[in-house]
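Me: I would like to go through this structure by asking what justifies each descriptive term. Please set each value against its criterion before concluding.

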Amino acid sequence: MSANPIISMAGYSAARSFEPAHLFGSDPDRADLFDFLVGLQTSMEIAVLLETFSLRLQADYAHRGVRFETLWADAGQSSSDFMFGQLDGHCKRLLLHVGGQELGWLEIYSSTPPDSGQQRIVDRLLACLIHPLQNAIRIERLTRQAMLDDLTGVGNRPALIKALGHEIARAERREEYSALALMVLDLDGFKELNDRQGHLVGDEGLRQFARVLRKHLRDTDQLFRYGGDEFVVILPDADEAAGLEIAARLEARVGAECVKPALRTSTGVAQWKRGMSGRDLFQAADAAMYDRKQQKRADQTSSSIR
Ligand SMILES: Nc1nc2c(ncn2[C@@H]2O[C@H](COP(=O)(O)OP(=O)(O)OP(=O)(O)O)[C@@H](O)[C@H]2O)c(=O)[nH]1
């Protein structure tokens, strides 16, 4: 018996053996299973593997759809769903694990629960799926980590470029004009804070800044650290007026809530117009942010002269 259980049912644990000889020895559909195995080698994407699994399972067990929910080993990463087909009807929920590592929950939706023969097929196909799935999960995690800023945990510059390109392509495809705005935020006098209180305090300031911004943004808004003390927010469905309102609110919240160390920020907003690239939009928002900084400096100078 293999000491390598890969599946446990919700609520109780059931170790099963998946020796290759056991899998293929007396199987009349060896060629078919072989095709399935080859299919699993063609992609390293979780969604594609799930689809390959579901399509092959369909031949033996008519079901409506499948869903896989990851269990990331790293703290701080929320789980992600991958789905294929329709998710309704009876749900069979299986915890997939390999070599002591829990990979996530697989759900199979169907009008009727699998009978014992169909359950055996599910087990066999899962035995083929499990290692390619484990590799695909590793790649997905590495890709996600590469898109995060390690100091603040928000998206980094490559993630911003990707997300902005995606949002603009989506807006371009829509027949009706849909609003999209970009906000640039930069800390005021951050160099002086670093110089006076040290870089560790500066780092804590950046983390605090990201936390406060996230707290006051909607779930659909996307926050990124462009670099240094400059952050960017993609605001879907926001026009310039809405963007300016959010920007004013964020400037006020940062002033009130970022107190240790004390921070101030200047913001700039630009609204996307058809034909504008991500670069054009960023430049417009960045220029607006610099104007705002100049205006604040001018206001300070005039109030200190008075
Ligand atoms: N602590 C810390 N400082 C950083 C990091 N990245 C960049 N910086 C510092 O951020 C500062 C940014 O300075 P500037 O761009 O001149 O901005 P500023 O002093 O805020 O000036 P204004 O934007 O004109 O108000 C520099 O001193 C950088 O060294 C980081 O990850 N941690």
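Me: How are α7 and helix α8 (residues 240-257) packed in terms of angle and axis distance?
Reply: In this predicted model, α7 and α8 pack at an angle of about 130 degrees, and their axes are 10 Å apart.

Me: Why are α7 and α8 called oblique to each other?
Reply: Roughly perpendicular covers 65 to 115 degrees and roughly antiparallel begins over 145; the angle between α7 and α8 is about 130 degrees, and these two helices are therefore oblique to each other. As for handedness, α7 passes α8 in a right-handed crossing.

Me: What makes the approach of F190 to the ligand a polar contact?
Reply: The criterion is a pair of N or O atoms within 3.5 Å, and a backbone N or O atom of F190 lies 2.7 Å from an oxygen atom of the ligand. The pair therefore qualifies as a polar contact.

Me: Which side-chain atoms of N194 and K293 can be set against that cut-off?
Reply: A polar side-chain atom of N194 lies 2.9 Å from a nitrogen atom of the ligand, while an N or O atom in the side chain of K293 is 2.8 Å from a ligand oxygen atom. Of the 670 Å² of accessible area that the ligand has on its own, the protein covers 66%.

Me: Which element supplies the largest share of the shell around the ligand?
Reply: That share, four residues, comes from α7, and β6 (180-187), α6 (190-197), α7 (199-216) and α9 (278-305) each supply at least two residues.

Me: How do the residues of this shell divide by character?
Reply: The shell holds four nonpolar, five polar and eight charged residues.

Notes
Residues are numbered from 1 along each chain as its sequence is written. This is a predicted model: local features need pLDDT of at least 70, side-chain atom pairs count only at pLDDT 80 or more; totals for chains, interfaces and linings use all residues. Side-chain values use heavy atoms; hydrogens and water are left out. A polar contact is a pair of N or O atoms within 3.5 Å; within protein, one must be able to donate a hydrogen and the other to accept it, and residues adjacent in sequence count only if both atoms are side-chain atoms. Accessible areas come from the Shrake-Rupley method with a 1.4 Å probe; for residues, only the protein chains shown count as cover. Ala, Val, Leu, Ile, Met, Phe, Trp, Tyr, Cys and Pro count as nonpolar, Asp, Glu, Lys and Arg as charged, and the others, Gly among them, as polar. Axes are lines fitted to C-alpha atoms, for helices over the stretch in contact, and angles run from 0 to 180 degrees between N-to-C directions. Angles under 35 degrees count as roughly parallel, over 145 as roughly antiparallel, 65 to 115 as roughly perpendicular and the rest as oblique. A crossing is left-handed if the near helix is turned anticlockwise from the far one by less than a right angle, and right-handed if clockwise.
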